[in-house]
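Colleague: I've got a fold open on my screen and I'd like to learn how to read it piece by piece. Could you walk me through it?

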Amino acid sequence: MLRDTCAADEEWGVVILRYFNPIGAHPSGLLGEDPKGIPNNLMPYITRVATGKQPHLKVFGNDYPTRMGEARREYLPAMHLSRAPPDQLSSGFTGAEAYNLGTGVGVTVLEMVEAFQQASSSPVPYTIEGRRPGDVAICYADPSKAQGDLKWRAEHSLADMCRDVWRWTTKNPDGYSTGVKEELLR
Ligand SMILES: O=c1ccn([C@@H]2O[C@H](COP(=O)(O)OP(=O)(O)O[C@H]3O[C@H](CO)[C@@H](O)[C@H](O)[C@H]3O)[C@@H](O)[C@H]2O)c(=O)[nH]1
């Protein structure tokens with residue numbers, strides 16, 4: 001629809017930014033993810049296990065047609081995503097272009113578990129379960145077009161993302177529910 005709009009009216013300019021699984025937190029520990037209820041996504045679930053709020057992680061599937069049998073995903077540092085290319089979104093551009101914003105690195109569930117255990121020094125027990133309906137085996141970005149055209153690049157650092165999430169989690173065990181943070185208002 002966006003491409004059709006641009007084709008129909010040459011004054012339109014549309015940049016489509018496709019982002020992959022954003023995780024992480026602000027390095028200050030003041031901003032992070034705070035899903036309500038029991039999370040569906042991997043990183044917030046891992047934090048619930050590491051903090052003892054859930055007994056163990058269920059790893060969905062170890063029989064995918066990949067080297068280790070596990071599904072692979074891209075995990076993009078949320079802070080890099082917040083610095084998505086502003087210049088190219090401003091004046092002068094017409095037409096429609098889509099860009100993948102990602103690191104181009106695929107990570108398995110158990111690689112994530114291992115990285116989180118190291119960053120937090122907390123155990124993350126898990127069980128291997130059946131596949132989750134609807135999951136694909138592999139999903140990660142080819143960010144080369146964004147790197148070339150937009151000069152936008154996200155560095156992959158699983159250790160940093162896990163460390164930032166753990167800092168946020170330990171500083172805010174109840175997420176945002178304890179009220180507006182004075183430090184954020186300064
Ligand atoms: O308790 C869990 C949660 C997730 N996973 C696995 O961890 C990986 C990542 O899962 P998740 O964090 O849910 O991300 P995605 O599966 O990539 O799903 C994301 O990307 C999809 C489309 O790309 C969107 O539809 C979803 O809303 C969004 O969460 C997958 O292999 C899951 O099977 C587990 O093993 N156990």
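Colleague: Let's start with strand pairing. Which residue in S6 is the bridge partner of Gly-13?

Modeller: It's Gly-95. One caveat up front: this is a predicted model. To read a pairing, pick a bridge and then follow the two strands along. Here strand S1 (residues 13-19) runs parallel to S6, and 7 bridges link the two.

Colleague: Is S6 enclosed or open to the outside?

Modeller: Count the buried residues, meaning those under 20% relative accessible area. In S6 (residues 95-101), 5 of the 7 residues are buried, so the strand is largely enclosed by the rest of the structure.

Colleague: And what should I keep in mind about side chains when I look at a strand?

Modeller: In a regular strand they alternate between the two faces of the sheet.

Colleague: There's also an open sheet of 3 strands. What is the strand order?

Modeller: Read across the sheet and you get S7-S4-S9, with mixed pairing. Strand S7 (107-108) and strand S9 (138-139) are at the edges with a single partner strand each, so each has one side without a neighbour in the sheet.

Colleague: How do S4 and S9 run, parallel or antiparallel?

Modeller: Parallel, with 2 bridges joining strand S4 (residues 72-73) to S9. If you want a spot to click on, Arg-73 is opposite Cys-139 of S9.

Colleague: On to helices. How many residues of H2 are buried?

Modeller: Same test as for the strand. For H2, 9 of the 9 residues are buried, so the helix is largely enclosed by the rest of the structure. Among them are Tyr-45, Arg-48 and Val-49.

Colleague: What covers the buried residues of H2?

Modeller: The cover includes strand S2 (21-23), strand S3 (57-60) and strand S5 (75-77), plus helices H4 (109-120) and H6.

Colleague: Two helices in that cover, then. How do I describe the way H2 packs against H6?

Modeller: Take the angle and the axis separation together. H2 (residues 42-50) and H6 (residues 158-171) pack at about 55 degrees, and their axes are 11 Å apart. Angles under 35 degrees would count as roughly parallel, and 65 to 115 as roughly perpendicular. H2 and H6 are therefore oblique to each other. As for handedness, their crossing is right-handed. On the H2 side the contact uses Met-43, Thr-47 and Ala-50, and on the H6 side Cys-162, Val-165, Trp-166 and Thr-169. By class, that gives 5 nonpolar, 2 polar and no charged residues.

Colleague: And where do the axes of H2 and H4 stand, in angle and distance?

Modeller: They cross at roughly 45 degrees and come within 11 Å. So H2 and H4 are oblique to each other too. The crossing of H2 and H4 is right-handed. H2 contributes Leu-42, Met-43, Ile-46, Thr-47 and Ala-50, while H4 contributes Val-109, Met-112, Val-113 and Phe-116. Sorted by class, the contact of H2 with H4 has 8 nonpolar, 1 polar and no charged residues.

Colleague: That leaves H4 against H6. What are the angle and axis separation there?

Modeller: About 55 degrees, with the axes 8 Å apart. That makes H4 oblique to H6. This crossing is right-handed. The H4 residues are Glu-111, Met-112, Ala-115, Phe-116, Ala-119 and Ser-120, and they meet Leu-158, Ala-159, Cys-162, Arg-163, Val-165 and Trp-166 in H6. The class count for H4 with H6 is 9 nonpolar, 1 polar and 2 charged.

Colleague: How do I read a single residue on H4, say Glu-114?

Modeller: Start with accessibility. Glu-114 has a relative accessible area of 39%, so it is partly exposed. Then try a distance: Glu-114 and Asn-21 are 93 residues apart along the chain, and their C-alpha atoms are separated by 18 Å.

Colleague: Last stop, the end of H2. Where does Thr-51 sit?

Modeller: In the loop between H2 and S3. At 34% relative accessibility, Thr-51 counts as partly exposed. When you list contacts, skip the sequence neighbours: leaving aside those within four places, Thr-51 is in contact with Trp-166 and Thr-169. By C-alpha atoms, Thr-51 is 27 Å from Pro-133, with their positions 82 residues apart along the chain. And check the backbone just after H2, where Gly-52 takes a positive phi of about 80 degrees.

Notes:
Residues numbered from 1 in each chain as written. Predicted model: local features only at pLDDT ≥ 70, side-chain atom pairs only at ≥ 80, totals over all residues. Heavy atoms only, no water. Axes fitted to C-alpha atoms, helices over the stretch in contact; angles between N-to-C directions. Helix = DSSP H or I, 4+ residues; strand = E, 2+ residues; numbered from the N terminus. Parallel < 35°, antiparallel > 145°, perpendicular 65-115°, else oblique. Left-handed = near helix turned anticlockwise from the far one by under 90°. Contact = heavy atoms within 4.5 Å. Nonpolar A, V, L, I, M, F, W, Y, C, P; charged D, E, K, R; others polar. Buried < 20%, exposed > 50% of the residue type's maximum accessible area, 1.4 Å probe, protein only. Pairing = 2+ DSSP bridges.
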